[in-house]
Amino acid sequence: MSPFTPDACMLFLSVILFSAVIGAYCTTIDHRIRKDLPLITKDCFCPFCGCRIAVTDQIPVISWLLLRGRCRSCKTRIPLRYPLIEGSFILFYSAAFLAFHSRPLFCVGLWYLFVTAFLFFRSEKHFRSLRKGLALMYVYHLIYAAVLLAILAALDTASR
Ligand SMILES: [Zn+2]
């Protein structure tokens with residue numbers, strides 16, 4: 001697959017979106033693992049004032065910039081590590097995809113290793129919750145791998 005076709009660009013965009021969502025979710029479950037909180041909740045809450053965070057304030061990196069690094073409700077400073085973690089996920093996932101897009105399962109494996117390393121180094125002392133977090137991430141990566149393989153198969157068929 002040539003890297004500059006519209007199909008390849010859309011696929012790359014989906015990788016960026018997936019990595020941004022995973023990166024943002026990792027900053028959330030990292031906190032929840034260490035506090036032994038439920039990993040899946042309907043809403044997201046500010047860890048400082050407890051207010052519900054609107055969906056529009058949860059856009060990876062962009063929301064942090066638009067809010068100038070402060071909670072919309074209590075104005076508490078949101079640590080810089082949040083957009084940095086989100087950005088590093090986007091960079092790593094994108095670079096791995098550019099390097100290994102012809103071997104998508106290997107690529108997904110690299111992504112999962114990245115998530116595992118991140119969550120392990122942040123939350124190794126909370127092993128029970130960490131296991132749940134890693135299992136959850138495994139499921140998300142498996143689902144995206146299935147989607148990725150289906151898209152690549154469809155593109156392969158269409159190009160013949
Ligand atoms: Zn707040």
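Among contacts in the protein between residues at least 6 apart in sequence, what percentage join residues at least 24 apart? The share is 61%, where two residues are in contact if their C-beta atoms, placed from the backbone, lie within 7 Å.

**Before you start**

What you have open is a predicted model, in which local features need pLDDT of at least 70 and side-chain atom pairs count only at pLDDT 80 or more, while totals for chains, interfaces and linings use all residues. Residues are numbered from 1 along each chain as its sequence is written.

**The whole chain**

Begin with the full C-alpha trace, which spans about 55 × 35 × 25 Å along its principal axes. Colour the chain by secondary structure, and you should find 5 helices and 2 strands, in the order α-β-β-α-α-α-α along the sequence; helices (H or I, at least four residues) and strands (E, at least two) are DSSP runs, numbered from the N terminus. Of the 160 residues, 22% count as buried, a term that requires 20 or more other C-beta atoms within 10 Å of a residue's own, whereas 12 or fewer make a residue exposed and anything in between makes it partly exposed, with C-beta atoms placed from the backbone.

**Helix H1**

Select residues 6-34, which form helix H1. H1 has 29 residues and reaches 42 Å from its first C-alpha to its last, close to the 42 Å expected at 1.5 Å a residue, the expected span being 1.5 Å times one less than the number of residues. Its buried residues include Val15, Phe18, Ile22, Cys26, Ile29 and Ile33, and what covers the buried residues of H1 includes H3, H4 and H5.

Stay in H1 and pick Thr27, which is buried because 20 other C-beta atoms lie within 10 Å. Leaving aside residues up to four places away in sequence, Thr27 touches Tyr82, Ile85 and Glu86. If you draw a C-alpha to C-alpha distance from Thr27 to Pro47, you will find 12 Å in space for 20 residues in sequence.

**The nonpolar core**

Next, show the largest nonpolar core, which has 26 residues; such a core is a set of buried Ala, Val, Leu, Ile, Met, Phe, Trp, Tyr and Cys residues joined through C-beta atoms within 7 Å. Within this core, Ile22, Cys26, Phe89, Tyr93, Trp111, Val115 and Leu119 touch the most other members. The elements that give two or more residues to this core are H1, H3 (81-100), H4 (104-123) and H5 (127-158), and H1 gives the most, with 8 residues. Centre the view on Phe89, which touches Ser19, Ile22, Gly23 and Cys26, not counting residues up to four places away in sequence.

**Helix H5 against H1**

Now add residues 127-158, helix H5. At 1.5 Å a residue, the 32 residues of H5 should span 46 Å, and its end C-alpha atoms are 46 Å apart, which agrees. In H5, Leu130, Gly133, Met137 and Leu148 are buried, and the buried residues of H5 pack against H1 and H4.

How do H1 and H5 pack, at what angle and with their axes how far apart? The angle is about 175 degrees and the axes are 11 Å apart, where axes are lines fitted to C-alpha atoms, for helices over the stretch in contact, and angles run from 0 to 180 degrees between N-to-C directions. The two helices are therefore roughly antiparallel to each other, a description for angles over 145 degrees. To see the contact, select Asp7, Leu11, Phe18, Ile22, Ile29 and Ile33 of H1 together with Ser129, Leu130, Gly133, Tyr140, Tyr144, Ile151 and Leu155 of H5. These residues divide into 10 nonpolar, 2 polar and 1 charged, with Ala, Val, Leu, Ile, Met, Phe, Trp, Tyr, Cys and Pro counted as nonpolar, Asp, Glu, Lys and Arg as charged, and the others, Gly among them, as polar.

**Three stops in the loops**

Move to Asp36, in the loop between H1 and strand E1 (44-45). Just after H1, Asp36 takes a positive phi of about 55 degrees, and with 9 C-beta neighbours inside 10 Å it counts as exposed.

Go on to Arg68, in the loop between helix H2 (62-66) and H3. Phi of Arg68 is near 50 degrees, a positive value in a residue other than glycine, and Arg68 counts as exposed, with 9 C-beta neighbours inside 10 Å.

Finish at Ile59, in the loop between strand E2 (52-53) and H2, which counts as partly exposed because it has 14 C-beta neighbours inside 10 Å. The C-alpha atoms of Ile59 and Ala20 are separated by 8.4 Å, although the two residues are 39 apart along the chain.

Technical notes. Angles under 35 degrees count as roughly parallel, over 145 as roughly antiparallel, 65 to 115 as roughly perpendicular and the rest as oblique.
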